[in-house]
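Me: I've got a structure open here and a pile of labels to go with it. Can you walk me through what earns each label?

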Amino acid sequence: MNGKITVGQQLSFFRHDDWIKKAGLTIGSSLLTWLLGLYDYLPNNTTGQTETAIQGTKMLVSIFPAIPFLVGAALLFFYEINKKMEVQIESDLKARRN
C-alpha cells in the first residue's frame with residue numbers, strides 16, 4: 001500500500017460513519033428517555049409538570065451535558081502536543097505524500 005486513500009476506502013468509511021451516527025443517536029435518545037423517566041416527566045401533560053420533572057429537565061440542559069465536556073477538557077491536559085511534535089507530524093506527512 002502506498003499510503004494513499006482510495007475512493008473505495010473513503011466510501012467504506014462513510015458506510016461505517018452512518019452506522020456509528022445511528023448507534024449514537026439511538027443510545028443518546030434512549031438515555032434521554034430513561035433520564036426523563038427517572039424525574040417523573042409526564043408527556044402530553046396539560047396541567048403542568050411536577051417540581052421533580054422541572055428540576056430534571058433543567059439538569060438535562062445544564063449539568064448533564066457539562067459533565068462530558070469537562071471530562072474532555074480535563075483529558076486535553078494529558079494531550080502532549082507542542083511545537084516540536086507539530087514539526088515532526090508535518091515532516092511525516094510530507095514524507096508520506098512524496
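**Labels and what backs them**

Reply: Sure. Along the sequence the protein reads α-α-α-α, and keep in mind that this is a predicted model.

Me: What makes it α-α-α-α, with no other letter in there?

Reply: The protein has 4 helices and 0 strands.

Me: How much of the protein is buried?

Reply: Buried residues make up 5% of the 98 residues. The accessible surface comes to about 8,900 Å², and 67% of that belongs to carbon and sulfur atoms.

Me: Why is Gly56 called buried?

Reply: Its relative accessible area is 1%, and the label needs under 20%, so Gly56 is buried. Gly56 sits in helix H2. Its C-alpha atom is 8.3 Å from that of Leu38, 18 residues away along the chain.

Me: Which residues of H2 are buried, along with Gly56?

Reply: In H2, which runs over residues 51–60, Ala53 and Leu60 are buried too.

Me: How do you know that these three are on the same side of H2?

Reply: They cover an arc of only 60° around the axis, which puts them on the same side of H2.

Me: Over to H4. What makes Glu86 and Lys83 a salt bridge?

Reply: Their side chains meet at 3.7 Å, N to O. The cut-off is 4 Å between a Lys or Arg side-chain nitrogen and an Asp or Glu carboxyl oxygen, so this pair qualifies. The count comes to 1 salt bridge. In general, side chains of opposite charge can pair when their charged atoms come close.

Me: Where do Glu86 and Lys83 lie?

Reply: Both are in helix H4, residues 83–97, and they are 3 residues apart, about one turn of the helix. As a general rule, an α-helix has 3.6 residues a turn, so residues three or four places apart point the same way.

Me: Why does Lys83 count as exposed, and what does Glu86 count as?

Reply: Lys83 has 57% relative accessibility; exposed means over 50%, so the label fits. Glu86 has 33%, which lies between the 20% and 50% limits, so Glu86 counts as partly exposed.

Me: How do you know that the span of H4 agrees with what it should be?

Reply: At 1.5 Å a residue, the 15 residues of H4 should span 21 Å, and the end C-alpha atoms are 21 Å apart, so the two agree. At the start of H4, a side-chain oxygen of Asn82 also reaches to within 3.3 Å of the backbone nitrogen of Lys84.

Me: Which residues make the nonpolar surface patch?

Reply: Ile63, Ile67, Val71, Leu75, Phe77 and Phe78 make it, and the patch is about 700 Å².

Me: What makes Ile67 eligible for that patch?

Reply: Patch residues need over 30% relative accessible area. Ile67 has 44% and is partly exposed, so it clears that cut-off. Ile67 is found in helix H3, residues 63–76.

Me: Last one: what sets Asp40 and Asn44 apart?

Reply: Asp40 has a positive phi, near 60°, in a residue other than glycine. Asn44 has a positive phi of about 60° and is not a glycine either. Asp40 is in the loop between helix H1 (7–38) and H2, and the loop between H1 and H2 is the place of Asn44 as well.

Me: Is each one exposed or partly exposed?

Reply: Asn44 has 78% relative accessibility, so it counts as exposed. Asp40 has 46%, so it counts as partly exposed.

Note on methods:
Residues numbered from 1 in each chain as written. Predicted model: local features only at pLDDT ≥ 70, side-chain atom pairs only at ≥ 80, totals over all residues. Heavy atoms only, no water. Helix = DSSP H or I, 4+ residues; strand = E, 2+ residues; numbered from the N terminus. Buried < 20%, exposed > 50% of the residue type's maximum accessible area, 1.4 Å probe, protein only. Patch = residues over 30% accessible without salt bridge, like charges linked within 9 Å, V, L, I, M, F, W, Y side chains within 5 Å. Areas by Shrake-Rupley, 256 points an atom, 1.4 Å probe, with all protein chains shown as cover. Arc of directions from axis to C-beta. Expected span 1.5 Å × (residues − 1). Polar contact = N/O pair within 3.5 Å; in protein donor to acceptor, adjacent residues only side chain to side chain.
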